[in-house]
Amino acid sequence: MPDQDARRRIPRTDALLALPALVEAATRHGERVVRAAVTEAQQQARDGRITPEEVPAAAEAALPRRPTSLRAVINATGVVVHTNIGRAPLSAGAIEALSLAAGYVDVEYDAETGARARRGRGTIAALLDAVPAAGGALVVNNGAAALVLATTALAAGREVVVSRGEMVEIGDGFRLPDLIESTGARLREVGTTNRTTLADYRAAVGPETGCILKVHPSNFRVEGFTSSVGVAELSTLGRPVVMDIGSGLLHPDPLLPVEPDATTALTDGATIVTASGDKLLGGPQAGIILGEAATVERLRRHPLARALRVDKLTLAALEATVRGPRTPVTAYLHADPAEARRRTEALAAALGRKVVDVVGRVGGGGAPGLELPGCAVELPERCAAGLRRGDPCVVARVERGRCLVDLRCVPPEQDDRLEAAIRAALADGI
Ligand SMILES: *Cc1c(COP(=O)(O)O)cnc(C)c1O
């Protein structure tokens, strides 16, 4: 306990709140947060943990360093689209668009005439320019919402014909069959887990059919004695075909030969294609609907569309993603192996560690089974926890008793911070 005299020297709350650094902090964090930091610092002095003279600095130190509880993470897992750490990192253009859209913007306003304008028209135009095979486009909250809207508008109270081999769980216990049945549509499953033929679909299609659904099994592969029916054949059955491509590739990517893309699905005859915005497309979380103009319009006018609509931030970031240069996701997927090895060897040499070959993954429901050859710095397994808890927070891969730091998804300008974080984790607990 400090003596009475020291207690009297503890600065008063209003004097502390008037300090320029705390006034400035109040504009960012709000008065309540700054007051809490001040109270905390005064308490430290009352408890004798610091001197009264140290209170202003302690109040500053007690301020939150970030305006959100979310922490930035360095992704050293080698998994490009990692759902637990936020899927796609946005491009510089998309980040600029987000910040612009944070203020008042003409999202639904025609500044020329002063009249109301179609919401998200710039984003729709960007999608239609990128995918000329689509007559219409619509953006909703996520891939699951896109699928719900399509099946509700086309098949509520009727049947959705779908292959048993495509009734997937998309993660965290969400199963497509449950999602679709929640819309009031009935599932009409055809075929078996490993094989479904056109005849199976043909036998099931009838007056009750609202649509035929094809789902890309994006997080597993069935190998061996298998067969499935492509969109081109399904489109001959005289019913709307909805294709959930999952990952949001707009065009074929030679690196991902078995991953479906929107352009091919539409050219093959899909009526509607649904996809996520934050997987291989590399944008913000969004559900993208592309397809025949009249059907997209039907979806847009469905009452549910209003409940699934996206905000101006998403529209802005998605437009910038679709129009803009290569996204980080594309850059990481197509990373030059020689350059990646050079950076990895430099980091390993600086740390006195070994480089090992590893297999990277697309992740997040894209190209299951596709192996991206790469390399990583090998560390003792115990480093993984230190890296996670350090600042910056680094998420590495733990495999067979080793902690592997893969630079595939680390922007080169972060290499120095990463090296410092590894040094700290190595020193920790020695
Ligand atoms: C990821 C995925 C979804 C769900 O998309 P979200 O954007 O995560 O809602 C649906 N279908 C498939 C095939 C997927 O890969």
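**Exercise 1. Polar contacts of the ligand**

Task: In this predicted model, determine which side chain has an N or O atom 2.5 Å from a nitrogen atom of the ligand.

Solution. Begin with the nitrogen: an N or O atom in the side chain of D244 lies 2.5 Å from a nitrogen atom of the ligand. Next, consider oxygen. The side chain of S276 places an N or O atom 2.7 Å from a ligand oxygen, and for the side chain of K279 the distance to an oxygen atom of the ligand is 2.7 Å. With a cut-off of 3.5 Å for a pair of N or O atoms, these pairs count as polar contacts. Finally, turn to coverage: of the 380 Å² of accessible area that the ligand has on its own, the protein covers 93%.

**Exercise 2. The shell around the ligand**

Task: State which elements give two or more residues to the shell around the ligand, and how many residues of each class the shell has.

Solution. First, list the surroundings: R87, N142, G143, A144, I170, H216, S218, D244, G246, S276 and K279. Second, assign the elements; α8 (143–155) and β8 (241–246) are those that contribute two or more residues. Third, sort by class: two residues are nonpolar, six are polar and three are charged.

**Exercise 3. Backbone geometry**

Task: Identify where R87 is placed, and which residues a cis peptide bond joins.

Solution. Start with R87, one of the residues that surround the ligand. R87 is placed in the loop between β1 and α6 (92–101), and its phi is near 50°, a positive value in a residue other than glycine. Then take the peptide bond: D391 and P392 are joined in cis, with omega about 5°. P392 belongs to the loop between α18 (383–389) and β13 (393–399). For context, most residues other than glycine have a negative phi, and most peptide bonds are trans.

**Exercise 4. Domains and the largest pocket**

Task: Describe how the chain is divided into domains, and which residues lie nearest the centre of the largest pocket.

Solution. The division gives domain 1 (4–61), domain 2 (73–83 + 331–427) and domain 3 (91–325). The C-alpha centres of domain 1 and domain 2 are 41 Å apart. The largest pocket has a volume of about 940 Å³. Its lining comprises 39 residues, with V73, P89, Y332, C409 and P411 nearest the centre. By class, 21 lining residues are nonpolar, six are polar and 12 are charged. At least two lining residues come from each of β1 (73–76), α16 (328–333) and α17 (337–351).

Methods
Residues are numbered from 1 along each chain as its sequence is written. This is a predicted model: local features need pLDDT of at least 70, side-chain atom pairs count only at pLDDT 80 or more; totals for chains, interfaces and linings use all residues. Side-chain values use heavy atoms; hydrogens and water are left out. Domain bounds come from an automatic or database domain assignment. A residue is near a molecule or strand if one of its heavy atoms lies within 4 Å of it. A polar contact is a pair of N or O atoms within 3.5 Å; within protein, one must be able to donate a hydrogen and the other to accept it, and residues adjacent in sequence count only if both atoms are side-chain atoms. Accessible areas come from the Shrake-Rupley method with a 1.4 Å probe; for residues, only the protein chains shown count as cover. Helices (H or I, at least four residues) and strands (E, at least two) are DSSP runs, numbered from the N terminus. Ala, Val, Leu, Ile, Met, Phe, Trp, Tyr, Cys and Pro count as nonpolar, Asp, Glu, Lys and Arg as charged, and the others, Gly among them, as polar. On a 1 Å grid over the protein atoms alone, a cavity is a set of points where a 1.4 Å probe fits but cannot get out, and a pocket is an open set with protein on both sides within 12 Å along at least five of seven lines; lining residues have an atom within 4 Å of a point. Grid points are joined across faces, edges and corners, and a volume is the space filled by probe spheres set on the points.
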